[in-house]
Amino acid sequence: MDLIVHNKVAPAVNQVETHPFCQQIESQKFLVENKIQIESWGPFAEGRNNIFSNELLLSIAARHHKSVAQVILRWLIQREVVAIPKSVRSERIAENFDVFDFELDTEDMNAIATLDTKTSSFFDHRDPAMVKLLGQAKRNT
Ligand SMILES: NC(=O)c1ccc[n+]([C@@H]2O[C@H](COP(=O)([O-])OP(=O)(O)OC[C@H]3O[C@@H](n4cnc5c(N)ncnc54)[C@H](OP(=O)(O)O)[C@@H]3O)[C@@H](O)[C@H]2O)c1
């Protein structure tokens, strides 16, 4: 809102940490209300919390004959969250594109909703040490 109020041009896209463990449900509502597209930062949480071997995600993936990565991407797409996954491996890049021939049902979507911790898997924005570190990094760029 600070950016919208103090600038002539409102942001079109906001890339925020969004993955099954940090789902950004409230933030997405705010962004939609303000006509800003949400984009996932770290759609796979950079592999944290053993995301690729999560039991729930594995069971959904098995039912659809897909991988956990594909389930996550499909879940983001169905939530209208833009996702641009990164991989250095060509087979994974192909796998990450191959998400348009299946659909997660309401039961799948509701199950994934239970994984939300509503907190970042990377930064604690209320931790003074972390805030100092981020400030330092910004000054150095
Ligand atoms: N705004 C900016 O200037 C800027 C700049 C850079 C990055 N970013 C953002 O930073 C975020 C973080 O990117 P990230 O790459 O660190 O996190 P990420 O997208 O959460 O995770 C990528 C990791 O998952 C692995 N992976 C990709 N596809 C996979 C698959 N199908 N199966 C298993 N593993 C798979 C990749 O490993 P491999 O590569 O080994 O496959 C990589 O280590 C991204 O959303 C990116 O858009 C933003």
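This talk describes the fold of one protein chain and then some individual residues in it.

Good morning, colleagues. Please keep in mind throughout that the structure is a predicted model.

I begin with the chain as a whole. There are seven helices and two strands, and in sequence order they follow the pattern α-β-α-β-α-α-α-α-α. Along the principal axes, the C-alpha atoms fill a box of roughly 45 × 30 × 30 Å. The chain has 141 residues, and buried residues make up 35% of them. The accessible surface comes to about 9400 Å². Carbon and sulfur atoms account for 55% of that surface.

Two further values describe the chain overall. If we take contacts between residues at least 6 apart in sequence, 71% of these join residues at least 24 apart. As for charge, the chain carries 16 positive and 19 negative side chains, and the centres of these two sets are 8 Å apart.

I turn now to a pair of helices. How do the axes of α3 and α4 cross? Helix α3 covers residues 55-64 and helix α4 covers residues 68-78; their axes come within 8 Å and cross at roughly 90°. Angles from 65 to 115 degrees count as roughly perpendicular, and α3 and α4 are therefore roughly perpendicular to each other. On the α3 side, the contact is made by Leu57, Leu58, Ile60 and Ala61. On the α4 side, Val68, Val71 and Ile72 take part.

One of these residues deserves a closer look. Valine 68, in helix α4, has a relative accessible area of 5% and is therefore buried. Beyond its neighbours within four places in sequence, valine 68 is in contact with Ile51, Phe52, Leu57, Leu58 and Ala61. Between valine 68 and asparagine 54 there are 8.3 Å in space, C-alpha to C-alpha, and the two are 14 residues apart in sequence.

From valine 68 we may pass to isoleucine 51, one of its contacts. Isoleucine 51 belongs to the loop between β2, residues 37-41, and α3. Is isoleucine 51 buried or exposed? Its relative accessibility is 0%, so isoleucine 51 counts as buried. Setting aside residues up to four places away in sequence, isoleucine 51 touches Pro20, Phe21, Phe44, Ala45, Leu57, Val68 and Ile72. One of those, phenylalanine 21, is 30 residues from isoleucine 51 in sequence, with 8.6 Å between the two C-alpha atoms.

Two other residues touched by isoleucine 51 are Phe44 and Ala45, and I shall take them in turn. Phenylalanine 44 is in the loop between β2 and α3. It counts as buried because its relative accessibility is 11%, where the cut-off for buried is under 20%. Which residues does phenylalanine 44 contact, leaving aside its neighbours within four places in sequence? They are Ile51, Phe52, Ala69, Ile72, Leu73, Pro85 and Asn96. Phenylalanine 44 and valine 68 are 24 residues apart in sequence, and their C-alpha atoms are 9.4 Å apart in space.

Alanine 45 is also placed in the loop between β2 and α3. With a relative accessible area of 0%, alanine 45 is buried. Its backbone merits attention: although alanine 45 is not a glycine, its phi is positive, at about 50°.

Glutamate 80 likewise has a positive phi in a residue other than glycine, with a value near 60°. Where is glutamate 80 found? It is in the loop between α4 and α5, the latter being residues 90-97. Glutamate 80 counts as exposed, because its relative accessibility is 62% and exposed means over 50%.

I close with another glutamate, at position 17. Glutamate 17 is part of strand β1, residues 13-17. At 9% relative accessibility, glutamate 17 counts as buried. When its neighbours within four places in sequence are left aside, glutamate 17 is in contact with Cys22, Gln24, Trp41, Ser120, Ser121 and Phe122. Aspartate 127 lies 110 residues from glutamate 17 in sequence, and 17 Å from it in space, C-alpha to C-alpha.

To review the two glutamates: glutamate 17 is buried, whereas glutamate 80 is exposed. Thank you for your attention.

Key. Residues are numbered from 1 along each chain as its sequence is written. This is a predicted model: local features need pLDDT of at least 70, side-chain atom pairs count only at pLDDT 80 or more; totals for chains, interfaces and linings use all residues. Side-chain values use heavy atoms; hydrogens and water are left out. Helices (H or I, at least four residues) and strands (E, at least two) are DSSP runs, numbered from the N terminus. Buried means under 20% relative accessible area, exposed over 50%, partly exposed in between (1.4 Å probe, protein chains only). Contact means heavy atoms within 4.5 Å. Accessible areas come from the Shrake-Rupley method with a 1.4 Å probe; for residues, only the protein chains shown count as cover. Lys and Arg count as positive and Asp and Glu as negative; His and the chain ends are not counted. The place of a charge is taken as NZ of Lys, CZ of Arg, CG of Asp or CD of Glu. Axes are lines fitted to C-alpha atoms, for helices over the stretch in contact, and angles run from 0 to 180 degrees between N-to-C directions. Angles under 35 degrees count as roughly parallel, over 145 as roughly antiparallel, 65 to 115 as roughly perpendicular and the rest as oblique.
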